[in-house]
Amino acid sequence: MSIKTRFAPSPTGYLHIGGVRTALFSWLHARHHGGAFVLRIEDTDRERSTQESIDAILEGMGWLGLDWDEGPQYQTEHFDRYAELADKLIEEGKAYRCYCTKEELDEMREQQVARGENPGYDGRCRDRLDARDSVDPVVRLRTPDTGSVEIDDLVRGHVSFDNDMLDDLVIVRPDGTPTFHFGVVVDDADSGITHVIRGDDHLNNTARHMHLQDALGLDRPVYAHLPMILGEDGSRLSKRHGAVNVLEYREQGYLPEAVLNYLVRLGWSHGDQEVFSVDEMIELFDVKDVNASASKFNPEKLTWLNQQYIMAAEPPDLIPGLLEQMAKVGIDPSRGPAPQQVIETYRERAETLRELAMSAEYLYADNIPLDEKAAKKNLRPVVKEALTSLRDAFAELDAWNAEAIHQAIQDVADKHELKFGKLGQPVRVAVTGTGVSPPIDATVELVGRERTLVRLEKALDYIGEQGG
């Protein structure tokens, strides 16, 4: 059997972390087995579906590299197909038109609750033959009254639902549009989907979908219901835990490979391995190996993993992302060192590309502020003479590179009977404005001779103003 999976988001919001993991697992399962992956946009909810959400889904999938073999398919293009099959079910007595009003349904449920019963539709329109004026009916599937539905789930194992616990499902709304349940069953069958991989919040729906498949005479796909992703506190994942638009991670400077690597480990593992290339994920992943227990989303772990990817990447591969981040924080890359030099020098201290760009801002600015605390601690009269000598030595250097800069600092420090760090740290504060940077020789090289001399002069003025 040739395996075909799908990812079927509703365009009523952004593509969030939970949705991305579902897409990833579906994509990996298809790729691992040499099958096909389908992208379907479930846009039958016309009031809530937006083009903006569709664009965000497509952009997010593209950024992550989760390419599809078929699609994007849109359910709104299949309304004639749904109507045809709904009429067929009605003609065969497997579905019926329900004319109950909202008020009647509310009253029915209130009475059921008062009697201690589980609320649900009681089938009162099952045998109704006459239409009802001024009421647009829904179409309901006639659910079996006895027996059970048996699900052999690749993740959850065997699950059973008693039919008498399930009421008659609405499959067509009053305006004639299909509900999620009807559309998904028809489209999965028409697309030849063999494996439905989705969140376990859909497990109850699967019993209903099997009833629909039986009524329509369709083959049942294999199901795999993924465990929930929880916040670190064990509650349902929300924005405060990191369940944001996946494109926000791009905005913050995360690498797509790091996001995928982190998500693949939420419910799946391969020994103690933490870092996986995409090719390794494809080679090793099989949805039957997914753990049924819920996973907790840990933003710190994602950030750590992102730093590992930044460190391991070839510098040229990071340049486009760094340039995007530079633009976001207002850096003109033409006014300083080449981006690759910045990557090679600064990436050890950066967890994201945004952080990398921001840590290098002073390399591209003509004027930088001095951190008052760092300046008071390091720019003191005791180093004024040495800083003056170093300024003069820097001005006379034949070669402006880290090696020559290091030697100049060492020579001046020796001359003034200072340890290297006792001079290097004041230089760092002078040229970066802060007390933290990569090695001072590499930093000064990237700042450039002209800016370094200007900033040393400014530091000397600061010392003078402090009474030095």
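In this predicted model, the axes of helix α12 (residues 339-346) and helix α18 (residues 440-447) approach within 11 Å and cross at roughly 165°. Because angles over 145 degrees count as roughly antiparallel, α12 is roughly antiparallel to α18. A second helix pair, α1 with α8, packs at an angle of about 85°, and three strands elsewhere form an open sheet in the order β4-β5-β8.

**Helices α12 and α18**

- The crossing in which α12 passes α18 is left-handed.
- On the α12 side, the contact is made by Q341, V342, T345 and Y346; on the α18 side, their counterparts are A442, T443, E445 and L446.
- By residue class, this contact of α12 with α18 comprises four nonpolar residues, three polar residues and one charged residue.

**Helices α1 and α8**

- The axes of α1 and helix α8 (residues 256-264) lie 10 Å apart, and the packing angle is about 85°.
- Since angles of 65 to 115 degrees count as roughly perpendicular, α1 and α8 are roughly perpendicular to each other.
- Helix α1 contributes I17, V20, R21, L24, F25 and L28 to the contact, while α8 contributes L260, L263 and V264.
- The residues of the contact of α1 with α8 divide into eight nonpolar and one charged, with no polar residue among them.

**Residue R31 in helix α1**

- R31 is located in helix α1, which spans residues 17-32.
- The R31 side chain reaches the backbone oxygen of D67 at a distance of 3.2 Å.
- When neighbours within four places in sequence are left aside, the residues in contact with R31 are F37, D67, D69 and I282. D67 thus appears both in this contact list and as the residue whose backbone oxygen the R31 side chain reaches.

**The sheet β4-β5-β8**

- The three strands of this open sheet are paired in the antiparallel sense.
- Its edge strands are β4 (95-98) and β8 (170-172), each of which pairs on one side only.
- From one strand to the next, the twist averages 45°.
- Strand β5 (residues 138-141) pairs with β8 in the antiparallel sense over two bridges.
- R140 stands opposite V170, a residue of β8.

Methods: Residues numbered from 1 in each chain as written. Predicted model: local features only at pLDDT ≥ 70, side-chain atom pairs only at ≥ 80, totals over all residues. Heavy atoms only, no water. Helix = DSSP H or I, 4+ residues; strand = E, 2+ residues; numbered from the N terminus. Polar contact = N/O pair within 3.5 Å; in protein donor to acceptor, adjacent residues only side chain to side chain. Contact = heavy atoms within 4.5 Å. Axes fitted to C-alpha atoms, helices over the stretch in contact; angles between N-to-C directions. Parallel < 35°, antiparallel > 145°, perpendicular 65-115°, else oblique. Left-handed = near helix turned anticlockwise from the far one by under 90°. Nonpolar A, V, L, I, M, F, W, Y, C, P; charged D, E, K, R; others polar. Pairing = 2+ DSSP bridges.
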